[in-house]
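Let's take a walk through this complex together. Keep the viewer open beside the text, and rotate the model as each part comes up.

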Amino acid sequence: MRKIYLHVLFMYFGILSTYAQTRPEAAKVDSSKYQSRKLKIDEINLVSAYYHQDGNNSAVTGGIGTEKLSDFANTIDLQMSKFNKKGKKNTFLFELGVDHYTSASSDKIDPSTISSASSADIRIYPSLNWTHSNEETGNSFGFTGSYSTEFDYQSMGAAFNLTRLSKDKNTQFDFKLQAFLDQWTVILPIELRTGNTERGGEQYDTAPRNSFSASFSLSQVINQKFQASLILEPSYQKGLLATKYQRDYFTDGSMRSETLPDKRYKLPIGLRMNYFLDDRFVIRTFYRYYMDNWGIRAHTAELEIPVKINSFFSISPFYRYNNQMGTKYFAPYGQHQASEQYFTSDYDLSTFSSDFYGAGIRFAPPKGVFGWQRLNMLELRYGHYSRSTNLVSNIVSLNLKFK
Amino acid sequence: MKSSRTFVFLSILAFSIIGMLSACSSVKPYQKSKLNDADMILSARKAQKFEQSFQLYREGASGANGGKSGGGCGCN
């Protein structure tokens with residue numbers, strides 16, 4: 001009897017709970033269409049990461065020796081927007097990035113000039129994007145200017161972006177054109193330098209490296225729980241594409257500086273599919289096929305399954321697998337033939353497979369993280385990377401979003 | 001042999017995509033609560049930015065994932 005009462009009670013609460021759910025209502029139309037024309041801050045994002053790697057195939061020393069490296073990277077981006085008199089939205093995205101790295105292998109370019117345990121450098125990279133959009137149609141276009149500087153490398157970039165949305169807003173097409181005009185200071189290994197080799201006393205030569213890319217992306221809503229996007233991003237690079245302070249050792253015992261073709265065509269194609277399984281699980285997937293004219297072919301697959309613990313807290317374990325067929329110009333230490341025109345012992349361009357796995361937590365409570373209303377979201381991720389060439393690395397990333 | 005395998009693979013991918021697109025149903029804006037969930041965004045997360053950076057330098061492949069495909073160095 002008690003069981004029947006309990007069943008009836010549960011059924012009653014079940015019915016009550018279904019009534020407690022709100023029905024989706026059509027958005028109320030604002031007849032005045034008033035939009036504040038003041039410039040307002042939409043959001044600020046801080047992203048920081050600490051990366052550490054170790055291995056024993058440094059390209060600076062010809063494919064042998066320590067690859068120990070640490071990098072502390074930070075970016076802040078500030079997104080602001082303003083409506084004009086015609087009701088169109090102008091969005092400004094300013095980003096500033098600062099990376100600081102220490103690299104044990106960089107010591108080996110010129111061991112006599114380094115007094116610290118490892119070489120270090122700072123990279124600073126600001127960028128500004130302006131996007132003009134029509135909120136009603138979802139269509140937009142914009143321009144980006146960027147700059148990056150570090151000790152031996154300067155880069156200037158420009159980009160144009162265009163977004164077109166279908167009438168039912170279920171299909172989106174994105175197009176982006178990018179150009180980077182870079183200048184690279186040619187630093188040779190100490191054994192190959194001529195003249196004054198004192199740091200600061202020598203006028204290094206510079207060489208250009210220009211990169212041009214186009215990105216075509218088609219995003220499609222499949223149904224209420226499933227959406228996908230297809231991305232094609234051909235690119236072309238021209239100029240000094242070899243890293244001249246990396247050494248290559250030959251079968252005849254000689255050593256030369258890395259030499260690679262001065263043109264590279266790349267063609268990656270990516271597919272991203274996200275499925276909202278139920279109220280607790282989301283399945284995020286990504287696959288990419290890559291090919292270039294140096295002979296590199298790669299398959300990359302990613303799977304991430306965010307688990308929603310409650311409405312504002314989720315845990316996302318992820319796994320990424322990459323399989324790469326290396327460039328035809330690669331050979332390990334001491335195995336290059338003297339007759340070769342192009343040669344590298346950089347294991348980043350060799351044949352290998354890699355695994356990257358870890359987890360992230362995302363915390364976005366309605367009253368703000370730690371009760372601080374302005375801190376809208378906190379995301380923390382950890383990942384472990386291992387490559388079949390015995391390179392291992394770990395990375396911890398933090399994203400704080402303020403609104 | 002390798003190029004024909006790649007062709008077959010890309011063809012399968014293209015047919016899957018066409019098949020998927022033909023299965024699309026029209027979804028109204030008020031039916032997009034799940035699609036608009038933060039975990040459903042069709043791009044990499046902001047917190048993945050530096051993961052993509054190190055993968056770009058440690059691997060020969062790049063692009064088509066929303067990450068950088070050129071410019072700046074960080075070649076170490």
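Two strands are said to pair if DSSP finds at least two bridges between them, and the strands themselves are DSSP runs of E, at least two residues long, numbered from the N terminus. With that in hand, look at F216(A), which stands opposite L232(A) in β9(A). Please keep in mind throughout that this is a predicted model.

That residue pair belongs to a larger arrangement around strand β8. Strand β8(A) and strand β9 of chain A, the latter covering residues 226–232, pair in the antiparallel sense over seven bridges. If you trace the chain from β8(A) to β9(A), you pass through a hairpin of two residues. Strand β8 of chain A, residues 205–223, also pairs with strand β7, residues 171–186, again in the antiparallel sense, this time over 16 bridges. To find this pairing in the viewer, pick D174(A), which has S217(A) of β8(A) opposite it. A further partner of β8(A) is strand β10 of chain A, residues 235–239; these two run antiparallel and are joined by five bridges. Here S211(A) is a useful marker, with Q237(A) in β10(A) as its bridge partner. While you are looking at strands, it helps to recall that in a regular strand the side chains alternate between the two faces of the sheet.

Now zoom out to the chains. Chain A contains one helix and 20 strands, whereas chain B has two helices and zero strands. Of the 403 residues in chain A, 31% count as buried; in chain B, with its 76 residues, the buried portion is 39%. The fold of chain A also brings together distant parts of its sequence: among contacts between residues at least 6 apart, 57% join residues at least 24 apart.

For a local example, go to D42(A), which is found in strand β1 of chain A, residues 40–54. Is D42(A) buried or exposed? D42(A) is exposed, because it has 12 other C-beta atoms within 10 Å, and a residue counts as exposed if that number is 12 or fewer. Leaving aside neighbours within four places in sequence, D42(A) is in contact with Q79(A), M80(A) and S81(A). K82(A) is 40 residues from D42(A) in sequence, yet their C-alpha atoms are 9.8 Å apart in space.

What about the interior? The largest nonpolar core has 12 residues, including W294(A), I296(A), F330(A), F343(A) and, from the other chain, A61(B). L260(A) is one of the members of this core, and beyond its neighbours within four places in sequence, L260(A) is in contact with L241(A), A242(A), Y329(A), Y342(A) and T344(A). Apart from this core lies another, of eight residues, with V47(A), A49(A), A73(A) and A47(B) among them.

That brings us to where the chains meet. In all, 80 residues of chain A are in contact with 42 residues of chain B. On the chain A side, strand β13, residues 263–276, supplies the largest share, eight residues. The chain A residues that touch chain B divide into 30 nonpolar, 35 polar and 15 charged.

Finally, a word on confidence. The predictor gives the complex an ipTM of 0.84 and a pTM of 0.85. Chain B averages a pLDDT of 78, and 57% of its residues score at least 70. Where pLDDT is low, the predicted coordinates should not be read in detail.

Methods. Residues numbered from 1 in each chain as written. Chains lettered and ligands numbered in written order. Helix = DSSP H or I, 4+ residues; strand = E, 2+ residues; numbered from the N terminus. Contact = placed C-beta atoms within 7 Å. Nonpolar A, V, L, I, M, F, W, Y, C, P; charged D, E, K, R; others polar. Core = buried A, V, L, I, M, F, W, Y, C linked by C-beta atoms within 7 Å. Buried ≥ 20, exposed ≤ 12 C-beta atoms within 10 Å, placed from the backbone. pLDDT = per-residue confidence, 0-100.
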